[in-house]
Amino acid sequence: MKILPSRPQNRKRERKKNNSREKTGKKPGGQPGHKGHTRKQHTPDVTYEIPAPAEYTDNPDYYETGKVIRKQKVSVILNAQITEYTAKEYRNRKTGARVHAPFPEGYVNEVNYDGTVKALAFLLGNECGFSHGKIRRLLSELTDGEIEISDGMINGLCAEFSSKTDREKEEIIKKLMTSPVMNVDFTNASVNRKSAQVLVLASPSADAALYIGREKKGHKGVEGTPRFSLQLYFNTDKGCMFPFFYLFVHRI
């Protein structure tokens, strides 16, 4: 038996490319008469007018057409804006109590961060997958060391944002409960390198979806679901086994 040598791995196979397009003879690129697609211009924050050169203004061969040529450059500027409120302190001569005028909402500690800082840190961690160290370092470098947030603050952002969305969650639950069909399923997730589950409740017709973190799926996964619970049944008709989910409202 004769053994043929194998084809070298680094040898490229010659394949014929089938191209059914007919040659038009036109040059590649934009064609004459074709309307080009340009980037959308924005409303400028600052406008500078470039003086016309003297070779145009002083030359009688040139005249103004009335058209203004505009070219823009878009920049993203991130800087720290510090807003400070001050209040004079008073002391009671009799009791020694120290008092001052009340500060506006959000001014609790000596240094507070508003929603812009918290939202950026939250998105970097949850949408971009940044670690706490990278979030802190990025915010510090972008603001020349003005913003120095702690790991504890970053850890508490999810709970803080979740507590402020109670009304939105109530509206989503109402849409899910009143929709004719609701899809329910569990999907795998990872929390601190440990396996976890996400309970997904969705209704395409109501344009609503709710995601609930759970340690386990099935009956144990639906325990503690706010305002409603799910019960799992199986249909064994024709040897098939697949889950059906039924919803039961807990009136509170």
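User: Which residue is the bridge partner of A202 in β5?

Analyst: In this predicted model, A202 has A209 of β5 as its bridge partner. The neighbouring assignment in the list is that of L201, whose partner in β5 is L210.

User: What makes β4 and β5 count as paired strands?

Analyst: Two strands pair if DSSP finds at least two bridges between them, and β4 (residues 194-203) is joined to β5 by 7 bridges. The value meets the cut-off, and therefore the two are called paired; the strands run antiparallel.

User: How do you know that β3 and β4 pair?

Analyst: The requirement is again at least two bridges, and 9 bridges join β3 to β4, which also run antiparallel. The requirement is met, so β3 and β4 are paired as well. One of the partnerships links N183 to A202 of β4, and A202 is also the residue whose partner in β5 is A209.

User: Why do β3 and β5 stand at the edges?

Analyst: The open sheet has 3 strands in the order β3-β4-β5, with antiparallel pairing. Both β3 (183-191) and β5 (208-214) have a single partner strand, so one side of each is left without a neighbour in the sheet. On average, and with direction ignored, neighbouring strands of this sheet are turned by 25° against each other.

User: What lies across β4 and β5?

Analyst: Helix α6 (residues 166-178) lies across β4 and β5, and runs at about 110° to β5. Angles of 65 to 115 degrees count as roughly perpendicular, so α6 can be called roughly perpendicular to β5. Strand β5 has a covered face, made of A208, L210, I212 and R214, and an uncovered one with A209, Y211 and G213.

User: Why is D207 called exposed?

Analyst: Exposed means over 50% relative accessible area, and D207 has 69% relative accessibility, so D207 counts as exposed. D207 sits in the loop between β4 and β5, a hairpin with 4 residues between the strands, and has a positive phi of about 55° although it is not a glycine. In the other hairpin, β3 and β4 have 2 residues between them, and N192 in the turn has a positive phi of about 55°.

User: How do you know whether D144 is buried or exposed?

Analyst: Buried is under 20% and exposed is over 50%; the relative accessible area of D144 is 73%, and therefore D144 is exposed. D144 lies in the loop between α3 and α4 (151-155), and its phi is near 55°, a positive value in a residue other than glycine.

User: Why are α2 and α3 called oblique to each other?

Analyst: The axes of α2 (residues 115-126) and α3 (residues 132-142) come within 10 Å and cross at roughly 140°. Roughly antiparallel needs an angle over 145, and roughly perpendicular ends at 115; the crossing angle fits neither class, and α2 and α3 are therefore oblique. Their crossing is right-handed.

User: Which residues make the contact between α2 and α3, and of which class are they?

Analyst: L120, A121, L124 and G125 of α2 make the contact with I135, L138 and L139 of α3. By class, there are 6 nonpolar, 1 polar and no charged residues; since Gly is counted among the polar residues, the polar one is G125.

Terms used
Residues numbered from 1 in each chain as written. Predicted model: local features only at pLDDT ≥ 70, side-chain atom pairs only at ≥ 80, totals over all residues. Heavy atoms only, no water. Axes fitted to C-alpha atoms, helices over the stretch in contact; angles between N-to-C directions. Contact = heavy atoms within 4.5 Å. Parallel < 35°, antiparallel > 145°, perpendicular 65-115°, else oblique. Left-handed = near helix turned anticlockwise from the far one by under 90°. Buried < 20%, exposed > 50% of the residue type's maximum accessible area, 1.4 Å probe, protein only.
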